[in-house]
Amino acid sequence: MLAPVRDRTALAELEREITVPGSGLDRLRLMETPFVPEVRLHLAEDAIVWWARMEAAAGHPLPPPYWASAWAGGQALARHLLDHPELAAGRRVLDLAAGSGLVAIAAALAGADQVVANDIDPYAVAAVTVNARANRVLVAASADDLLDSTVTADLLVAGDILYDAALAERVLPFLQRAAAGGAEVLVGDPDRGHLPLGRLEVVASYPVPTTEPSVDSPMRRVQVLRPA
């Protein structure tokens, strides 16, 4: 079982990490997102190497640093919002499983009235904080598990969230409830094999550069979908 990490501890650690000079693979760097250069993120040169160093320093297991890579599903969603700012402008936006906060930041840049980035990993919450700061936008970060709650947003976005069958079983009913309650729902998915046939329809499709660990192709085709 993972040791509990308080948000302040995670934020302090990330703030320290991004200020330490170094050029190795285990460093975080502020860089442009490949498919969304309007947004800069603190990303790991090699997230696995960074994770190993941080676990060794902590002396206990830490959550996988999904926030330290720009995942293809999130890149496609962020690009879609910036290319179609009317989707977010003046609206309340919730970015579910936000990771680095890329999609939330794109929504804020597109003119959203209020943006909440949600992730249960305290390091992701910290990453949202430092990344929003780097892009000079206001994004509220939340670490609550929202999947059994009611959505109060106008636009719900979720990038690369259907990567695991068990998680998809919880996420899909939440997305359907959000849509039934009047929220517009957009999902970015690079075909990880857990899309429900007939329940989501394609809005757009993008060839996205891959930056996440252990990929066998420099590009992935990503679909932006909504509940049918």
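**Notebook: helices, ring pairs and hollows**

**Entry 1. Helix α3.** I began with helix α3 and found that 11 of its 12 residues are buried, so the helix is largely enclosed by the rest of the structure. I note at the outset that the model is predicted. I listed the buried residues of α3 as A72, G73, G74, Q75, A76, L77, A78, R79, H80, L81 and L82. I then checked the length of the helix, which runs over residues 72–83. At 1.5 Å a residue, its 12 residues should span 16 Å, and I found the end C-alpha atoms 16 Å apart, which agrees.

**Entry 2. Helix α6.** I turned next to helix α6, residues 165–180. This helix has 16 residues and reaches 23 Å from its first C-alpha to its last, close to the 22 Å expected at 1.5 Å a residue. Which residues of α6 are buried? I recorded A168, V171, L172, F174, L175 and A178. I also looked up what covers these buried residues of α6, and the cover includes the strands β3 (92–96), β6 (155–159), β7 (184–189), β8 (200–209) and β9 (219–227).

I examined the two ends of α6 as well. At the N-terminal end, D164 acts as a cap, with a side-chain oxygen 3.0 Å from the backbone nitrogen of A166. Just after the helix, G182 takes a positive phi of about 105 degrees.

**Entry 3. Residues with positive phi.** I followed G182 further and placed it in the loop between α6 and β7. G182 is exposed, with a relative accessible area of 62%. For orientation, I noted that G182 and A106 are 76 residues apart in sequence and 22 Å apart in space, C-alpha to C-alpha.

Most residues other than glycine have a negative phi. I therefore wrote down two aspartates separately, starting from that general expectation. D160 has a positive phi of about 55 degrees although it is not a glycine. I found D160 in the loop between β6 and α6. Is D160 buried or exposed? D160 is buried, at a relative accessible area of 6%.

The other entry is D191, whose phi is positive and near 60 degrees, again in a residue other than glycine. D191 lies in the loop between β7 and β8. With 58% relative accessibility, D191 counts as exposed.

**Entry 4. Aromatic pairs.** How many aromatic pairs does the count give? I recorded 4 aromatic pairs. The rings of F35 and Y206 have their centres 5.8 Å apart and their planes at 70 degrees, so this pair is edge-to-face. The pair links distant parts of the chain: F35 sits in the loop between β1 (28–33) and β2 (36–44), Y206 sits in strand β8, and 171 residues separate them. I looked up the exposure of each partner. F35 is buried, with a relative accessible area of 18%, and Y206 is buried too, at 12%.

I then recorded W50 and W67, an edge-to-face aromatic pair with 5.1 Å from centre to centre and 85 degrees between the planes. This pair also links distant parts of the chain: W50 belongs to helix α2 (residues 47–58), W67 lies in the loop between α2 and α3, and they are 17 residues apart. Both W50 and W67 are buried. Elsewhere in the ring pairs, Y66, W71 and Y163 are linked into a cluster.

**Entry 5. Pocket and cavity.** I looked up the largest pocket, which has a volume of about 790 Å³. It is lined by 38 residues, and the closest to its centre are Y66, A97, G99, D119 and Y163. Y66 and Y163 were already in my notes as members of the ring cluster. Which elements each supply at least two residues of the lining of the largest pocket? I listed β3, α4 (102–109), α5 (122–134) and α6. Helix α6 gives the most to this lining, with 3 residues.

For enclosed space, a search of the whole structure finds 1 cavity of 30 Å³ or more. The volume of the largest cavity is about 30 Å³. I recorded W50, L62, P63, W67 and Y123 as its lining. W50 and W67 had appeared above as an edge-to-face pair.

Methods:
Residues are numbered from 1 along each chain as its sequence is written. This is a predicted model: local features need pLDDT of at least 70, side-chain atom pairs count only at pLDDT 80 or more; totals for chains, interfaces and linings use all residues. Side-chain values use heavy atoms; hydrogens and water are left out. Helices (H or I, at least four residues) and strands (E, at least two) are DSSP runs, numbered from the N terminus. The expected span of a helix is 1.5 Å times one less than its number of residues. Buried means under 20% relative accessible area, exposed over 50%, partly exposed in between (1.4 Å probe, protein chains only). Contact means heavy atoms within 4.5 Å. A polar contact is a pair of N or O atoms within 3.5 Å; within protein, one must be able to donate a hydrogen and the other to accept it, and residues adjacent in sequence count only if both atoms are side-chain atoms. Rings of Phe, Tyr and Trp (its six-membered ring) pair if their centres lie within 6.5 Å; planes under 30 degrees apart count as stacked, over 60 as edge-to-face and the rest as tilted. On a 1 Å grid over the protein atoms alone, a cavity is a set of points where a 1.4 Å probe fits but cannot get out, and a pocket is an open set with protein on both sides within 12 Å along at least five of seven lines; lining residues have an atom within 4 Å of a point. Grid points are joined across faces, edges and corners, and a volume is the space filled by probe spheres set on the points.
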